Amino acid sequence: MDWKIAGALVFGLVLGWNVYFVNRYRRGDITLGDLATLLGVVGGAGVLSLFPNNTDLFGAYGVGLGVGFFAYFVILLAMVQWSPNFDSDWFLDGRRKDPPEGFGYGTDSRPTLAPMAPNPTGLEQPATQPVTINFHGNNPGEASMIRGGEQLRTLSLPNPDATRVQQACAETWAQAGPNGPFKEASHRYVIEVAHRLGVSLSGSSDQILESIEENASWRALLDGPAARDAALRGKFVIAGVKSGAGSPPRMEGQLAVVVAGSLNTGGWAPAGYWGSSDLITARSGGSGAPVSDCFNAALKDQIIYRSCDI
């Protein structure tokens, strides 16, 4: 085998590996147009200019393409077989063992949940509903008012309870009405969401934070990434700062409900929902935005994160 044949073979291996990789982590629906696109990429004019048709170069490229594509699957299959936390069910619908106490899912790496099913959890995603809460300033729940009409964030949630939490947050916003009780302070919104999930909370924001800090059923979480991981596992997670945090101190504390979603670009703030009497803070409280829109970066080390089972 000369260098040209070897180069074509290796080129095909690399491209075949990446074809499997891209299809494994795709997010959109699969259509027939995808097949045409794939054919254009792996066998289009650019490839034919490198490896002319009916030549040994093209044959070596084709062999490498097939070997690279299936090698990805075979290696993945072997890793799943060797792992004590995975079995063949993972390929079907994403089922795997939860990590034991003291372990967790990485916050700076790609999620492992990428089995063959287009929607591995089989869960219906929370419906986006128009929000009519009359917060001070623009209604933060209306999609048309969120960052210039940007669509609400969506995420395929791996845990049914994670879906329940996000659904409760969205429904609380949608059903409050223009004169609802959640426009005056963040604690009213959090109390209502908790009630829908069967969790009892009461008092002001500071009182709620003090009560969950003292309650053994509420687990302390180290930071925002840990709070996001707990939300992904279906826990009810509250983030909050007390009124004395920051300079100058606030008149009232601020709370948010953490949901399964992406961290902010800084990597410290999980997604969430919240209410607020503050105009700026309220704007994105109904969109599932990162809580960095609720607590600025200067307060990130003073945010209290707690979780409980639902």
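**Exercise 1.** In this predicted model, find which backbone nitrogen the side chain of Asn159 reaches, and decide whether Asn159 is buried or exposed.

Solution.
- Locate the residue: Asn159 sits in the loop between helix H5 (89-93) and H6.
- Follow its side chain: this reaches the backbone nitrogen of Asp161 at 2.8 Å.
- Check the accessibility: the relative accessible area of Asn159 is 18%. Buried means under 20%, so Asn159 is buried.

**Exercise 2.** Test whether the length of helix H4 (residues 56-82) agrees with 1.5 Å a residue, and list its buried residues.

Solution.
- Helix H4 has 27 residues, so the expected span is 39 Å.
- The C-alpha atoms at the ends of H4 are 38 Å apart, which agrees.
- Buried in H4 are Ala60, Tyr61, Gly64, Leu65, Gly68, Tyr72, Leu76 and Val80.

**Exercise 3.** Classify the aromatic pair of Phe69 and Phe70.

Solution.
- The whole structure holds 2 aromatic pairs. In the pair formed by Phe69 and Phe70, the centres are 5.2 Å apart and the planes make an angle of 80 degrees.
- Planes over 60 degrees apart count as edge-to-face, so this pair is edge-to-face.
- Phe69 is partly exposed, at 27% relative accessibility, while Phe70 is exposed, at 54%.

**Exercise 4.** Describe the largest nonpolar core and the surroundings of Cys169.

Solution.
- The largest nonpolar core has 24 residues; Cys169, Val193, Leu201, Trp218, Phe236 and Ile238 have the most contacts inside it.
- Elements that each supply at least two residues of this core include helix H6 (160-175), helix H7 (186-196) and strand S2 (236-241).
- Leaving out residues up to four places away in sequence, Cys169 touches Tyr189, Val193, Val257, Val259 and Tyr273.

Key:
Residues are numbered from 1 along each chain as its sequence is written. This is a predicted model: local features need pLDDT of at least 70, side-chain atom pairs count only at pLDDT 80 or more; totals for chains, interfaces and linings use all residues. Side-chain values use heavy atoms; hydrogens and water are left out. A nonpolar core is a set of buried Ala, Val, Leu, Ile, Met, Phe, Trp, Tyr and Cys residues joined through side-chain atoms within 4.5 Å. Buried means under 20% relative accessible area, exposed over 50%, partly exposed in between (1.4 Å probe, protein chains only). Helices (H or I, at least four residues) and strands (E, at least two) are DSSP runs, numbered from the N terminus. Contact means heavy atoms within 4.5 Å. A polar contact is a pair of N or O atoms within 3.5 Å; within protein, one must be able to donate a hydrogen and the other to accept it, and residues adjacent in sequence count only if both atoms are side-chain atoms. The expected span of a helix is 1.5 Å times one less than its number of residues. Rings of Phe, Tyr and Trp (its six-membered ring) pair if their centres lie within 6.5 Å; planes under 30 degrees apart count as stacked, over 60 as edge-to-face and the rest as tilted.
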